Amino acid sequence: CRCGSGGRCWIRCSRAAMAEEGVVVQDDGAAQETAVSTLAGEKRPREEIRREDYPSKNAYKKALKDRRRLETKRVRQAERKKEKALQKEQKKEERLKEKETLTPEELEEKKKLRLEFIADRRSKQEERQRKLKEASESSTICVIDLEFGDLMTESERKSLAHQLMYCYSSNLKSEKPCRILLSGLDGSIAESVHALSGFDNWPVGKEKGSYLDALSGRKEDLVYLSADSENVVREFDPSKVYIIGGLVDRNRHKGVCQRKAEGQGIATARLPIQDHVKLQTSAVLTVNQVFDIFLKFRESKDWGKTLKSVIPSRKLSSK
């Protein structure tokens, strides 16, 4: 912590830092209708969080806590950015001073190491491009349904955007990558996702409309993965298109994916989690965890091994 107390007063000190930067935080957590100054000097409207939008007092407090954490994060990011810029200048000065003291032979050796580093980096970039091409040409499609933006708060939408980033990264590293289709990429959720660094260059399908429009000729092949389904996935059929609901809601909107699929006449299925592992919490997983299960099972064909490698150990029962 900035006051040297070992982090015990992080709330007080983070609020003090925010106050210095012009970010307004009310002690009672009430929503402000006025604009809040961001660190870049721009005006950003503060999201309104109302008690009546949440089913319980704990869920409401959780949303307020998430927003305060997000505002604190912006302050810390700006501070880290300043520190990195300063460190960069310091390193540059050190390199120039070191260069003046080196002999011609030592300079030649450093140049050789530099060229080897560049060649290694180029090789890794080529491998990455090969993986990207393999994923974009894969016949197996996994849809992530992003049509739930209005059901989430700003912090929840940002959390979902980062989960999508983890999905993209896992797909690049997978032995059997799939083709990702992001449907419903519009409105508030689109703003959060497009804010991700490099998102515009991702070789994934991006649709503003519904997956029903993007895959209009394959409705009978669609399978919506839902924890509330009575059907159980035993194998991932390569001829099917599996849909993951893109929703981060702290379990407020129970059964929303199942009801949506039923209303659209789409088949549903749940992962066989309870059949292979024992949980001490709910079976609700994040979007990237479900996606990782989809990828890893296609590689190993072993549900027990797959689930234990993806589900956090804190959720698994030791009995």
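This is a short walk through one structure, from its sheet to a helix, a loop residue and the empty spaces. Keep in mind as you go that the model is predicted.

Let's begin with the sheet. It is open and built from 6 strands, which follow the order E5-E4-E3-E7-E6-E8 with parallel pairing. At the edges stand strand E5 (205-206) and strand E8 (267-269); each has a single partner strand, so one side of each is left without a neighbour in the sheet. Further in, strand E6 (residues 222-225) runs parallel to strand E7 (residues 241-245), and 4 bridges join the two. If you would like a pair to look for on screen, find Leu225, which stands opposite Ile244 in E7.

Now move to helix H4, which covers residues 154-173. Its 20 residues reach 29 Å from the first C-alpha to the last, close to the 28 Å expected at 1.5 Å a residue. Many positions here are worth a click: the buried residues of H4 include Leu160, Ala161, Leu164, Cys167, Tyr168, Asn171 and Leu172. A general point helps in reading such a list: an α-helix has 3.6 residues a turn, so residues three or four places apart point the same way.

In the loop between H4 and E4 you will find Ser174. Is Ser174 buried or exposed? Its relative accessible area is 4%, which is under the 20% cut-off, so Ser174 counts as buried. Leaving aside residues up to four places away in sequence, Ser174 touches Lys131, Leu295 and Glu299.

What about the empty space? Cavities of 30 Å³ or more number 4. The second largest cavity holds about 70 Å³ of space, and H3, H4 and strand E4 (179-183) are the elements that give two or more residues to its lining. Among the lining residues are Tyr168, Asn171 and Leu172, which also appear among the buried residues of H4. Leu132, Ala135, Arg179 and Ile180 line this cavity as well. By class, the lining has 8 nonpolar, 2 polar and 1 charged residues.

The last stop is the second largest pocket, with a volume of about 370 Å³. Helix H2 (57-101) and helix H3 (104-136) are the elements that give two or more residues to the lining of this pocket. Which classes of residue make up this lining? It divides into 4 nonpolar, no polar and 7 charged residues. Lys92, Arg95, Glu98 and Lys99 are among the lining residues, as are Leu107, Lys110, Lys111 and Arg114.

Technical notes: Residues are numbered from 1 along each chain as its sequence is written. This is a predicted model: local features need pLDDT of at least 70, side-chain atom pairs count only at pLDDT 80 or more; totals for chains, interfaces and linings use all residues. Side-chain values use heavy atoms; hydrogens and water are left out. On a 1 Å grid over the protein atoms alone, a cavity is a set of points where a 1.4 Å probe fits but cannot get out, and a pocket is an open set with protein on both sides within 12 Å along at least five of seven lines; lining residues have an atom within 4 Å of a point. Grid points are joined across faces, edges and corners, and a volume is the space filled by probe spheres set on the points. Ala, Val, Leu, Ile, Met, Phe, Trp, Tyr, Cys and Pro count as nonpolar, Asp, Glu, Lys and Arg as charged, and the others, Gly among them, as polar. The expected span of a helix is 1.5 Å times one less than its number of residues. Buried means under 20% relative accessible area, exposed over 50%, partly exposed in between (1.4 Å probe, protein chains only). Two strands pair if DSSP finds at least two bridges between them. Contact means heavy atoms within 4.5 Å.
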